[in-house]
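Ready to get to know a new structure? Grab a pencil and work through a few short exercises, each with a solution to check yourself against.

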2 protein chains.
Amino acid sequence: MTNDSLATPTCILGLGLIGGSLMRDLAEASAPVYGWNRSAATAEAATAGGFDASTDLTAVLRRAQEDRALLVVGVPMFAVGGLLDQIAEHAPDCGITDVVSVKRAILDEVTARGMGDRYVGAHPMAGSEESGWDATRTGLYDGAAWVVCFDRADDARRGGTEVPESWTRTFRDVVALGKLVRSEVIPALADDHDRAVARISHMPHLLAYALAVVGDDGGPLTLSLAAGSFRDGTRVAGAEPDMVRSWCENNVAPVVEAVDEAIALLSAARDELVGEGTAAALSEAGFQAHGRYRARSGTRVLDGGVKLSHRPVIRVSPGAGDWIGELEHAQELGGRIEIF
Amino acid sequence: MTNDSLATPTCILGLGLIGGSLMRDLAEASAPVYGWNRSAATAEAATAGGFDASTDLTAVLRRAQEDRALLVVGVPMFAVGGLLDQIAEHAPDCGITDVVSVKRAILDEVTARGMGDRYVGAHPMAGSEESGWDATRTGLYDGAAWVVCFDRADDARRGGTEVPESWTRTFRDVVALGKLVRSEVIPALADDHDRAVARISHMPHLLAYALAVVGDDGGPLTLSLAAGSFRDGTRVAGAEPDMVRSWCENNVAPVVEAVDEAIALLSAARDELVGEGTAAALSEAGFQAHGRYRARSGTRVLDGGVKLSHRPVIRVSPGAGDWIGELEHAQELGGRIEIF
């Protein structure tokens, strides 16, 4: 990361699992960080843990404006619009990012308020079926994908205009934030991000719910026999349904597309079972697809403990050369970027 | 377990993940155990590990006949019929059980050969996406459900006839085997077992395959962003497709019923997404179902490390009183049995 970025304090708005774990990592790295949470219980728990947390949004935003902190929006989707209004009023010169699970809906809220020149959306691909301050921990983002959206730069490139300096500075800060918590920073446009997470996050939750119901409908003997494949296949069905519902409500078309694909695959398997007495096509296609996933995603640990990422690296210098084209290239590969 | 059961040697026919891990547990408990495997590589690996393994089926079966061992059939479904023919010829007086994932298809093979009076089907609900001797380990069955089928006894009860003494002795031996490897023994009729595993084992595999394909269809960015929910939701898509196909081929009607339920749930969620812009019904139903599963299945570890099973206990004395009715009662509850 650059010295500039270390010097930018981070102000986290919403201290649930994602925002709270981010606060822990930054504090552990001795980076300046403070935050706000609506509920007093969470702010008190954070304060009791030695963190700089408050329930006074106006005061926190004024402080952020004072030291030009990077604002990290970490509240549920339904609360984002109201929070942006407060930011517009009390912290008009701060860069803004967010850690919410959908990106188009947030970008639209930002754009509607004319705040796009200082907003760089993000989404750390980490979490669990748990939520709230009690679930926060350090290291949650280690090795995770940290998506950083570059729609504003892409728009400028297509329109033949300049990327605002405030946006490029925020972009650098957001990339540095992801690096600081040892994530791998992956650029994506908001719509492409939303299509991707419909398939690898929202769908797994809907399938887990469906599997949980199919198992439960079998009665006590069925649940009693459930072992590893059912446990792992339903793990995220323990996630708060309100959260999953909110993802789907803010990502309808991509989720419908993914659900339709799953229904088509299962219907074909059903037809093959009834007609041919086998499920060869889905078994073979799924096994092959799983092999490609394992080859492409995440990291593997070599003998000796060295971690090796499967993601290709693209080096990018924000503001220089065809840097926006390089971001597009990285997105196509699912690659991670290094800033120089 | 009883002294009788400890005195019965175990002869395992097929030393893959399931049979091989069973051999390891029995050897560790100093119980007499030996086995056969078709491939020389596996038998040699087992022998090199200090186990009593051979590729000479006739010799192994004659030895089993000599010491009245309990035979454990652990070969893939397609090889079961041929193996039963060999057992009929060379080990006509041994009790027989199996560890194959479907129970009706095996029972039919056994019944067709008139071997039902000494056969007690079983299915340990343990395993992983790995297979073969290299994947075997001790402790695989610790706390797992070990299904023991009692169709022969149920038939006798319904027909008003006596349960053959050879069957009851085999039943005792099979229950003792499950206990010896620290499993929880759960009685079930073959058809009820098959309906249950369609929902909690075969469906999770088909859904994992479908999810793997949906993710892969999203391209490199999608796979690059995959995190915990996709990893766990697709874990068993790494299982050998031939194995999963074999399960489905030998359990068609129950699998089709479960697939139809999943399709109906996903179709309803799709309609709600398109019509109402939300996925509230499935999210809520899945979350509630998952809670019931967690309350009913498996064990939880108390403070201090004590394991507490969620499964109710039914005490059964084979051959005495309404013991078959007690087995039916245990099946209804998904309960485990203790023999006295």
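The exercises below look at how the two chains of this predicted model fit together.

**Exercise 1.** Work out which turn and shift lay chain A on chain B.

*Solution.* Start with the superposition: a turn of 180° with a shift of 0.0 Å along the axis does the job, and the RMSD is 0.0 Å. That is how a two-fold axis relates its copies. Now look along chain A for the C-alpha nearest the axis: it belongs to A:Gly233, 2.4 Å away. Finally, check the contact surface: both copies use the same one, as 100% of the contact residues of chain A recur in chain B.

**Exercise 2.** Find out how much area is buried between chain A and chain B, and which residues of chain A lose the most.

*Solution.* First take the residues: chain A puts 88 into the contact, and chain B puts in 88. Next comes the area, about 7,900 Å², with carbon and sulfur atoms giving 70% of it. On the chain A side, A:Leu221, A:Leu225 and A:Tyr293 lose the most, together 9% of what that side buries.

Let's stay with A:Leu225. Along with B:Leu225, A:Leu225 touches the most other members of the largest nonpolar core, which has 89 residues. Its contacts beyond four places in sequence include B:Met125, B:His193 and B:Ile200.

**Exercise 3.** Count the salt bridges across the interface of chain A and chain B.

*Solution.* The count comes to 6. For a salt bridge to look up, try A:Asp232 with B:Arg235, where the closest N and O atoms are 2.6 Å apart. Then add the polar contacts: 22 residue pairs across the interface. As for chain A's side, helix H9 (residues 190–217) gives the largest share, 20 residues.

Key:
Residues numbered from 1 in each chain as written. Chains lettered and ligands numbered in written order. Predicted model: local features only at pLDDT ≥ 70, side-chain atom pairs only at ≥ 80, totals over all residues. Heavy atoms only, no water. Core = buried A, V, L, I, M, F, W, Y, C linked by side-chain atoms within 4.5 Å. Buried < 20%, exposed > 50% of the residue type's maximum accessible area, 1.4 Å probe, protein only. Contact = heavy atoms within 4.5 Å. Least-squares fit on C-alpha atoms with pLDDT ≥ 70 in both. Buried area = accessible area lost by both parts, 1.4 Å probe. Salt bridge = Lys/Arg side-chain N within 4 Å of Asp/Glu carboxyl O. Polar contact = N/O pair within 3.5 Å; in protein donor to acceptor, adjacent residues only side chain to side chain. Helix = DSSP H or I, 4+ residues; strand = E, 2+ residues; numbered from the N terminus.
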